[in-house]
Amino acid sequence: MKTRSLISSTLLLSASALFAVSAQATILTFDLDPSVGNYGDIPGAYGDNVNAASDAVGSYSMGNGYTPNITTEYRTWRISTDTVAYNNLDFWDFNYGDLVNVAFSVTSADHFAEITLVPEPGWAIRLNSFDLAGYAKIDHPDSQVRILDAASEAVLIDYSPVTVLGAGGTHSTFTPNLTFFGAISIRYGYNDWNIGIDNINFDQVTAVPEPETYAMLLAGLGLLGFMARRRTQNV
């Protein structure tokens with residue numbers, strides 16, 4: 001009975017692992033190294049293939065782990081023409097509510113900011129949370145904040161209109177907890193470069209099992225087959 005119980009447990013664990021989703025997470029803090037001054041460009045490689053607390057462009061906080069299979073893209077869009085005006089966002093160190101080191105739109109009127117998270121093949125993204133705050137430590141009402149499928153530009157989550165906090169040294173936290181099998185974009189700061197983003201917390205997830213999971217499952221099936229043959233012979 002103990003052997004049968006052990007085999008059953010092995011099979012259950014193997015099956016669970018086979019279909020489980022593994023997760024790793026990175027938090028983009030925009031702590032750049034080497035540092036850039038205010039209005040400086042966020043390096044395009046910041047947040048790419050993160051596998052440590054720091055790399056050649058900056059440092060990160062670790063959520064559930066790191067995200068070596070995700071890259072990042074930064075853009076400033078022109079609203080009137082629906083085209084990319086700049087392939088970057090700018091950096092600011094403080095005064096966006098209580099946030100320190102944020103990314104914001106290169107220019108204000110007729111523009112908005114976008115950050116895109118791009119998974120490598122076989123991976124998906126789970127966007128856990130991110131922070132926004134208003135410059136000069138004031139609230140910014142009627143802001144537009146959206147999360148989109150980066151390929152089709154279909155809106156996945158629309159928080160608009162929303163008041164982005166900043167007064168008295170505060171900020172707004174958004175918690176989409178969205179898992180998506182493709183690149184996703186966060187868009188914010190429509191006509192308002194005084195909205196800054198920080199602490200983007202995201203996972204990379206996959207349903208593809210590790211090789212040892214297959215081995216465990218096959219071993220369990222083999223033992224089960226062996227016991228079935230023995231029972232037949234005894235009968």
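**Entry 1: an arginine to start with.** I began with arginine 146, which turns out to be buried, with a relative accessible area of 17%. I kept in mind that this is a predicted model. Next I looked for a charged partner and found aspartate 158, which forms a salt bridge with arginine 146, the closest N and O atoms being 3.1 Å apart. Aspartate 158 sits in strand β11 (residues 155-158) and arginine 146 in strand β10 (residues 146-149), so the bridge ties together parts that are 12 residues apart in sequence. Aspartate 158 counts as partly exposed, at 40% relative accessibility.

**Entry 2: the whole chain.** I stepped back to get my bearings. I noted 2 helices and 16 strands in the protein chain. The chain has 235 residues, and 43% of them count as buried. I also looked up how far contacts reach along the sequence: among those between residues at least 6 apart, 74% join residues at least 24 apart. For the surface, I wrote down about 11,500 Å² exposed, with carbon and sulfur atoms supplying 57% of it.

**Entry 3: more salt bridges.** How many salt bridges does the structure hold? I found 6. Some are linked: Glu73, Arg75, Glu114, Glu153 and Arg187 belong to a network of them. I went through arginine 75 in some detail. Its bridge with glutamate 73 has the closest N and O atoms 2.3 Å apart. Arginine 75 is buried, with a relative accessible area of 18%, while glutamate 73 counts as partly exposed at 30%. Arginine 75 also meets the side chain of glutamate 114 in a salt bridge, at 2.9 Å from N to O. Here glutamate 114 is in strand β7 and arginine 75 in strand β3, so the pair ties together parts that are 39 residues apart in sequence. Both glutamate 114 and arginine 75 are buried.

**Entry 4: the nonpolar core.** Which residues touch the most other members of the largest nonpolar core? I got Phe30, Phe130, Tyr188, Ile197 and Ile200, out of 35 residues in that core. Several strands give two or more residues to the core, including β1 (22-32), β8 (124-134) and β16 (195-206). A second core, of 6 residues, lies apart from this one, and Trp92, Leu99, Phe104 and Ala133 are among its members. I jotted down a general point beside this: in soluble globular proteins, nonpolar side chains tend to be buried together.

I then picked isoleucine 197 and listed what it contacts beyond its neighbours within four places in sequence. Phe30, Ile115, Phe130, Leu132, Ile186 and Tyr188 are among these contacts, and so are Asn101 and Asp131.

**Entry 5: two serines.** Is serine 129 buried or exposed? Serine 129 counts as buried, at 17% relative accessibility. Its place is in strand β8. Leaving out residues up to four places away in sequence, serine 129 touches Phe174, Thr175, Pro176, Asn199, Ile200 and Asn201.

Serine 61, in strand β2 (residues 58-62), is partly exposed, with a relative accessible area of 32%. With the same allowance for sequence neighbours, serine 61 touches Thr26, Ile27, Thr29 and Tyr66. I also checked serine 61 against isoleucine 200: they are 139 residues apart in sequence and 9.7 Å apart in space, C-alpha to C-alpha.

**Entry 6: a hairpin.** I followed β3 into strand β4 (residues 83-86) and saw that the two pair in the antiparallel sense over 3 bridges. Arginine 78 has threonine 83 in β4 as its bridge partner. The hairpin has 4 residues between its strands, and aspartate 82 takes a positive phi near 50° there.

**Entry 7: backbone oddities.** A reminder to myself: most residues other than glycine have a negative phi, and most peptide bonds are trans. With that in mind I noted two cis bonds. One runs from aspartate 33 to proline 34, with omega near 10°, and proline 34 is in the loop between β1 and β2. Another runs from serine 160 to proline 161, with omega near -15°, and proline 161 lies in the loop between β11 and β12.

Positive phi values went on the list too. Lysine 137 has phi near 55° and lies in the loop between β8 and β9 (140-143); this lysine is partly exposed at 39%. Asparagine 191 has phi near 60° and is found in the loop between β15 and β16. Asparagine 191 is partly exposed, with a relative accessible area of 46%.

Conventions
Residues are numbered from 1 along each chain as its sequence is written. This is a predicted model: local features need pLDDT of at least 70, side-chain atom pairs count only at pLDDT 80 or more; totals for chains, interfaces and linings use all residues. Side-chain values use heavy atoms; hydrogens and water are left out. A nonpolar core is a set of buried Ala, Val, Leu, Ile, Met, Phe, Trp, Tyr and Cys residues joined through side-chain atoms within 4.5 Å. Buried means under 20% relative accessible area, exposed over 50%, partly exposed in between (1.4 Å probe, protein chains only). Contact means heavy atoms within 4.5 Å. Accessible areas come from the Shrake-Rupley method with a 1.4 Å probe; for residues, only the protein chains shown count as cover. A salt bridge is a side-chain nitrogen of Lys or Arg within 4 Å of a carboxyl oxygen of Asp or Glu. Two strands pair if DSSP finds at least two bridges between them.
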